[in-house]
Amino acid sequence: MKVCNKCNKTKELSEYYWNSFKKKHTIYCKECARKDDKQNYHENIEERRKVKRAYFRKHYKEIYERQKKNRLNLKDGFFYVYCLLDKDFYVGQTDSVKWRNYAHKSEDVMILHKCKTRKEAKWFEKVYHDIGFPGRYGTNKKTPSH
Ligand SMILES: [Zn+2]
């Protein structure tokens, strides 16, 4: 159980997203994170892009090295948000079966998030695109209606 920093409600850990950069759960619950995301969508978007991209570029190598060791332990049934390091940090999401093909083909791919549901993976994917990573839902691409 964990207290949300925003709504101050005590909730199960499953009600918080996992932050794989910081290796801990987010301080806001999923509900607040979603609200926050909507609210801040148009505010400071350029600034947030800059900060997050800079953080990512600085730290991705150590995260990537750590993941390489765990790559063989990947279990089926999860959805992965991945980043192609050799394609200008293209961000996408996929299920575990396809993920293994990616991981097999390219050494320059890393996991950003491991999710239990496709919905969650898509949410994360979109967040990365919103902060400026290229991909299907990126600002320079049409967002498919779904
Ligand atoms: Zn909350």
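Is F89 buried, exposed or partly exposed? With 19 C-beta neighbours inside 10 Å, F89 counts as partly exposed, because a residue needs 20 or more such neighbours to be called buried. We will come back to F89 below, once the rest of the fold is in view. Please keep in mind that this is a predicted model.

## The overall plan

Let us begin with the whole chain. The protein has four helices and seven strands. From start to end of the sequence, these elements follow the pattern β-β-β-β-α-α-β-β-α-β-α. Of its 146 residues, 18% are buried. Looking at contacts with a separation of 6 or more, 48% join residues that are 24 or more positions apart.

## A three-stranded sheet

Now for the sheet. Three strands make an open sheet in the order 6-5-7, and their pairing is antiparallel. Strand 6 and strand 7 (109-115) are the edge strands; each has a single partner strand, so one side of each has no neighbour in the sheet. From one strand to the next, the twist averages 25 degrees.

Strand 5 (residues 79-84) and strand 6 (residues 90-95) run antiparallel and are joined by six bridges. If you would like to trace the pairing yourself, F79 has D95 as its bridge partner in strand 6, while Y82 has G92. The two strands form a hairpin with five residues between them.

This is where F89 returns. F89 lies in the loop between strand 5 and strand 6, and so does D88. Both residues have a positive phi without being glycine: the value is about 55 degrees for D88 and near 65 degrees for F89. Their surroundings can be read from the neighbour counts. D88 counts as exposed because it has 9 C-beta neighbours inside 10 Å, whereas F89, with 19, is partly exposed.

The table sets these two loop residues beside two buried residues, C29 and H113, which are described further on.

| Residue | C-beta neighbours within 10 Å | Class |
|---|---|---|
| D88 | 9 neighbours inside 10 Å | D88: exposed |
| F89 | 19 neighbours inside 10 Å | F89: partly exposed |
| H113 | 23 neighbours within 10 Å | H113: buried |
| C29 | 25 neighbours inside 10 Å | C29: buried |

## The nonpolar core and helix 4

Which residues have the most contacts inside the largest nonpolar core? They are Y80, V81, Y82 and L112, in a core of 16 residues. Strand 5, strand 7 and helix 4 (118-130) are the elements that give two or more residues to this core.

V81 is a good residue to click on. Apart from neighbours within four places in sequence, V81 is in contact with V91, Q93, L112, H113, C115, A121, F124 and E125.

Helix 4 has 13 residues and spans 18 Å from its first C-alpha to its last, close to the 18 Å expected at 1.5 Å a residue. Its buried residues are A121, F124, E125, Y128 and H129. These cover an arc of only 140 degrees around the axis, so they lie on the same side of helix 4. The buried residues of helix 4 pack against strand 5, strand 6 and strand 7. After the helix comes G132, with a positive phi near 110 degrees.

H113 belongs to strand 7, and it is buried because 23 other C-beta atoms lie within 10 Å. Leaving out neighbours within four places in sequence, H113 contacts W18, S20, V81, A121 and F124. Its C-alpha atom is 9.5 Å from that of Y17, a residue 96 positions away along the chain.

## Around C29

Our last stop is C29. Where does C29 lie? C29 sits in the loop between strand 4 (24-25) and helix 1 (30-40). C29 counts as buried because it has 25 C-beta neighbours inside 10 Å. Not counting residues up to four places away in sequence, C29 touches C4, C7, K9, K11, E15 and Y16. For C29 and C7, which are 22 residues apart along the chain, the C-alpha atoms are separated by 8.2 Å.

Terms used: Residues numbered from 1 in each chain as written. Predicted model: local features only at pLDDT ≥ 70, side-chain atom pairs only at ≥ 80, totals over all residues. Buried ≥ 20, exposed ≤ 12 C-beta atoms within 10 Å, placed from the backbone. Contact = placed C-beta atoms within 7 Å. Pairing = 2+ DSSP bridges. Axes fitted to C-alpha atoms, helices over the stretch in contact; angles between N-to-C directions. Core = buried A, V, L, I, M, F, W, Y, C linked by C-beta atoms within 7 Å. Expected span 1.5 Å × (residues − 1). Arc of directions from axis to C-beta.
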